[in-house]
Structure formats: structure tokens, C-alpha cells
Amino acid sequence: MTTADISKEQLHIFVNRRKFEQGDGVRPEMKGKDIAALVGVPTDNAVIREESPEKKEIGVEEVVHIKNGEHFLVTRKIVEGGHVI
């Protein structure tokens, strides 16, 4: 898919099964923390995973080249007694 194709079709991604579009803040390049912010997970507590086309963890400062229709999973780190596990 070329940049011209993306501009014809509204750029969108799915985060935790919810659809987000450009009006929600989706851009062709986003950092992991920007993806987490779409679902309200704070940067210091976010675990971001790309679910499609490949499954991998994304760092909060890592730049992701967004592919239309891509799926991400954002969860929170487990914190017990003030210690991150």
C-alpha cells in the first residue's frame, strides 16, 4: 500500500479491539507511548504489543510505521506492593 492509497482511505488502527482513526490521533508514524495514550494507559505503566502483521513488543519510545488496519494490544505492567514485576 502506498502513501497515496492511505490518503484515499482513512488511516486507522485497532488498539485493544477498538478502532482509532486520524481524528483520534492516529498518524503514519507513532511512538509506542502514543498508541498507549489512545486507550488511556500511562507511559510509565504501559506494555505495548503489535499483534499484526507480526507479534512483538514495542518500546514506549520506539517509532512504529503504522500500517492501515494494524492491531495492537496495550496492557499495564503488574505492580505489587510498589514494585514492578
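A nonpolar core is taken here as a set of buried Ala, Val, Leu, Ile, Met, Phe, Trp, Tyr and Cys residues joined through side-chain atoms within 4.5 Å, where buried means under 20% relative accessible area, exposed means over 50%, and partly exposed covers the range in between (1.4 Å probe, protein chains only). The structure is a predicted model, in which local features need pLDDT of at least 70 and side-chain atom pairs count only at pLDDT 80 or more, whereas totals for chains, interfaces and linings use all residues. Residues are numbered from 1 along each chain as its sequence is written, and side-chain values use heavy atoms, with hydrogens and water left out.

The largest nonpolar core holds 18 residues, of which Ile13, Val15, Val26, Ile35, Ile66, Phe72 and Val74 touch the most other members. Two or more residues are given to this core by each of strand 1, helix 2 (32-38), strand 4 and strand 7, and the greatest contribution is that of helix 2, with 3 residues. Helices (H or I, at least four residues) and strands (E, at least two) are DSSP runs, numbered from the N terminus.

Among these core residues, Ile66 is found in the loop between strand 6 (63-65) and strand 7 (71-76). Ile66 has a relative accessible area of 7% and is therefore buried. When its neighbours within four places in sequence are left aside, Ile66 is in contact (heavy atoms within 4.5 Å) with Leu11, Ile13, Val26, Arg27, Pro28, Met30, Ile35 and Phe72. A separation of 9.8 Å is found between the C-alpha atoms of Ile66 and Lys31, which are 35 residues apart along the chain. Val15, another of the core residues named above, touches Phe20, Ile35, Leu38, Val39, Phe72 and Val74, not counting residues up to four places away in sequence.

Strand pairing was assigned where DSSP finds at least two bridges between two strands. On this basis, an open sheet of 5 strands is obtained, with the order 2-1-7-4-5 and mixed pairing. Strand 2 (18-21) and strand 5 (56-58) are the edge strands, each of which pairs on one side only. Neighbouring strands of this sheet are turned against each other by 35 degrees on average, direction ignored, with axes taken as lines fitted to C-alpha atoms (for helices over the stretch in contact) and angles running from 0 to 180 degrees between N-to-C directions.

Strand 1 (residues 12-15) and strand 7 run parallel and are joined by 2 bridges. In this pairing, Phe14 stands opposite His71, while the bridge partner of Val15 in strand 7 is Phe72. Towards strand 2, strand 1 pairs in the antiparallel sense over 4 bridges, with Ile13 opposite Phe20 and Phe14 opposite Lys19. The two strands form a hairpin with 2 residues between them, and Asn16 in the turn has a positive phi of about 50 degrees. Strand 7 is also joined to strand 4 (residues 46-50), with which it runs antiparallel, by 5 bridges, and here Val47 stands opposite Thr75. In a regular strand the side chains alternate between the two faces of the sheet.

Side chains of opposite charge can pair when their charged atoms come close. With a salt bridge defined as a side-chain nitrogen of Lys or Arg within 4 Å of a carboxyl oxygen of Asp or Glu, a search of the whole structure finds 7 salt bridges. One of them joins the side chains of Arg27 and Asp34, at 3.0 Å from N to O; Arg27 counts as partly exposed at 39% relative accessibility, and Asp34 likewise counts as partly exposed, at 23%.

A further salt bridge links Lys33 with Glu61, the closest N and O atoms being 3.1 Å apart. Because Lys33 lies in helix 2 and Glu61 in the loop between strand 5 and strand 6, the pair ties together parts that are 28 residues apart in sequence. Lys33 is partly exposed at 28% relative accessibility, and Glu61 is partly exposed with a relative accessible area of 45%. In the salt bridge between Lys56 and Glu62, the closest N and O atoms are 3.8 Å apart, and these residues are partly exposed, with relative accessible areas of 34% for Lys56 and 32% for Glu62. Finally, Lys31, Lys33 and Glu61 are joined into one network by salt bridges that share partners.
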